[in-house]
Each structure stands twice: as C-alpha cells, then as structure tokens.
Amino acid sequence: MVHDAVTGEDIVEEVSGIVEGVFGRLAPVVTAATDVLGRPGPVRATELDALRPHVLAALGGRVVGAGFIAAPDALADQRFGFEWWTCTAGGPPAQLFISLDPASDHFLDYTRQSWFTVPRDSGRRHITGPYVDYLCTDEYTLTFTVPVRRAGVFAGVVGADVFVQEVERALLPKLRHLDGRAALINAQGRVIAANTARQATGSLVRDPDIASWWNSGAPPVRDDTTVLLRCGDAPIALLVRKR
C-alpha cells in the first residue's frame, strides 16, 4: 500500500514536471536552430554560432550540458556538425569538441547513438539513459533530445544532459515514503533511481517484463503486488513492488 502522505501519482507528477522543465529550457534552442536551418540557401557550420546564446541560456538548473547536433549533410560545408557546451565547476561553460573526421581513430559516429536515432526515426522528443557518459563526465546521465527539421526533413537534434544524481536528489525523499520497493525505470527497465540499494542506478528490472509492458501501450497497473505507472509521455515509469 502506498503511504498516505505520498502517492505514486505524486511522484509521477513530479517526474513529469522535471521532464517538462528540461524540455522547456530547450525550446528556445529548438526555435533558434529551426530558424538558422530555415535560412534560404546553404547553411554553413559557422552559422551555428548563432545558437550559442540560446544554448548557454539553457544551461543551469539540472541541465549540465546542451547543444545542437546536425544530421549528416545538413550543413553545406561539412558532413557533421556538433555545437555542444557543458557547465564547469566554478567557471564559465566550456565547448565540447569531438572528432568529426571519419578517418580519425577518435571519430565519434553520433548518428548511431540512441539520443540521435530515436528522435530521427520517431520524429518525437526522447530521453536516453541512464547511461555513463564516458564522452563528457563519466557520470550517470539522462540525455533529452528534440528533433529539428528543415523544410520538413530531419536536420538534427537539440539536446540536454542531466545528471541522474540530480533527479535522484529531487525524488528520493518521496520514493522513500512509498510503502514497498520503489524505482523509477526507463522503457527498457533500467533503474534511474530507487528507494533501495538492491536496485542500483543502471541495473535491470527483469520482473515484470518492462519492455513488453511498454510495447503494449504502458497501461497503468495496480494490483496486490505491483504498481506500475508511466510518467506522462516520457519513457520513464514508476514501479512499486509491495514488500
């Protein structure tokens, strides 16, 4: 049974608020990217500089990294485009540079990353993670991405990084008030945050079968042993197993 003071619905609502807050910070970047890419004629990489003030404004709060990643050949003068900035401890934001040369041993083919492929293929915003961001921070991270189009054609994604520990810090007090083992999980059943050390961040929930539940439309589940609720339209759910 859920604690009288805090319900699963309370946590679902708070998660939805966090999600909408992050996507809300990205909205001006999406608008700016759409404007830049919508200019008549070829768009060159240097024109992405116009996004910088909007990207820097998106940083802060829970957002520790943000930027725009271009689809291959969306830019006229280079095949790939990566405009990404991160917060630094006690200093100004820093631009992240990665190898965009396919001939380089350090080339990062971001077109194979789920934070890029899912918005590209679905046409919808997405949240990837939790995963350890070995590229930037070595921290468990959630990456929020929104597709950007040019003349109706996918042209890249605007994204933001949020540390899982920040989500955990916000939600753990309420998760601890639920009666049972409670965890926030992604659509693959990976634990984002939980009220028990037995479910560490990144661990996989095998029972119930979250992927199958998700593929069935993620209907609310409330029975004698389990509460399973999707958090708004985010690929995140609250799972509570009765003790």
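Which residues does the UniProt annotation "domain: Cache" cover? According to the unreviewed UniProt entry, the annotation runs over residues 103-199. The views below come from a predicted model, and each legend takes one corner of the chain at a time.

**View 1. The annotated span, residues 103-199, from end to end.** The stretch carries the label "domain: Cache" in the unreviewed UniProt entry. In the model, its end C-alpha atoms lie 41 Å apart. By secondary structure, the span is 22% helix and 40% strand. Several of the residues in the later views belong to this part of the chain, so keep the numbering 103-199 in mind as you go.**View 2. Strand 2 and its antiparallel neighbours.** Strand 2 takes in residues 81-88, and six of its eight residues are buried. On one side, strand 1 (residues 63-70) pairs with strand 2 in the antiparallel sense over six bridges. One bridge to look for matches I69 with F82 in strand 2. Strand 3 (residues 91-96) also runs antiparallel to strand 2, and four bridges join the two. Here T88 has G91 of strand 3 as its bridge partner.

**View 3. The turn of the hairpin of strand 2 and strand 3.** Two residues sit between the strands of this hairpin. At the turn, G90 takes a positive phi near 75 degrees.

**View 4. An aromatic cluster that includes F80 and Y110.** The whole structure holds ten aromatic pairs. One of them brings F80 and Y110 together edge-to-face, with 5.7 Å from centre to centre and 80 degrees between the planes. This pair links distant parts of the chain, as its members are 30 residues apart. F80 belongs to the loop between strand 1 and strand 2, while Y110 belongs to the loop between strand 3 and helix 3 (114-122). Are F80 and Y110 buried or exposed? F80 has a relative accessible area of 8%, so it counts as buried. Y110 is buried too, because its relative accessibility is 1%. Ring pairs also tie F82, W84, F107, W115, F116 and F154 into a cluster with F80 and Y110.

**View 5. N195 and its surroundings.** N195 is placed in the loop between strand 8 (191-194) and helix 5 (210-215). With a relative accessible area of 16%, N195 is under the 20% cut-off and is therefore buried. Which backbone atoms lie 2.9 Å from a polar atom of the N195 side chain? One is the backbone oxygen of G180, and another is the backbone nitrogen of A182. Leaving aside residues up to four places away in sequence, N195 touches L172, L175, R176, L178, G180, R181, A182 and R243.

**View 6. Two cysteines, C87 and C231, in a structure with zero disulfides.** A disulfide is a covalent bond between the sulfur atoms of two cysteines. A search of the whole structure finds zero of them. C87 is partly exposed, because its relative accessible area is 38%. C231 is buried, because its relative accessibility is 1%.

**View 7. Two cis peptide bonds that lead into prolines, P130 and P208.** Most peptide bonds are trans. The bond from G129 to P130 is cis, with omega near 10 degrees. P130 lies in strand 4 (residues 126-132). The bond that joins D207 and P208 is also cis, with omega about 10 degrees. P208 is located in the loop between strand 8 and helix 5.

**View 8. Positive phi at D138 and A218.** Most residues other than glycine have a negative phi. D138 is not a glycine, yet its phi is positive, at about 60 degrees. The loop between strand 4 and strand 5 (140-150) holds D138. Its relative accessible area of 53% is over the 50% cut-off, so D138 counts as exposed. A218 is not a glycine either, and its phi is positive at about 55 degrees. A218 is found in the loop between helix 5 and strand 9 (221-222). Because its relative accessible area is 8%, A218 counts as buried.

Note on methods. Residues are numbered from 1 along each chain as its sequence is written. This is a predicted model: local features need pLDDT of at least 70, side-chain atom pairs count only at pLDDT 80 or more; totals for chains, interfaces and linings use all residues. Side-chain values use heavy atoms; hydrogens and water are left out. Buried means under 20% relative accessible area, exposed over 50%, partly exposed in between (1.4 Å probe, protein chains only). Two strands pair if DSSP finds at least two bridges between them. A polar contact is a pair of N or O atoms within 3.5 Å; within protein, one must be able to donate a hydrogen and the other to accept it, and residues adjacent in sequence count only if both atoms are side-chain atoms. Contact means heavy atoms within 4.5 Å. A disulfide is a pair of cysteine sulfur atoms within 2.5 Å. UniProt positions are given in the numbering used here, feature names are shortened, and annotations may be inferred rather than shown by experiment. Rings of Phe, Tyr and Trp (its six-membered ring) pair if their centres lie within 6.5 Å; planes under 30 degrees apart count as stacked, over 60 as edge-to-face and the rest as tilted.
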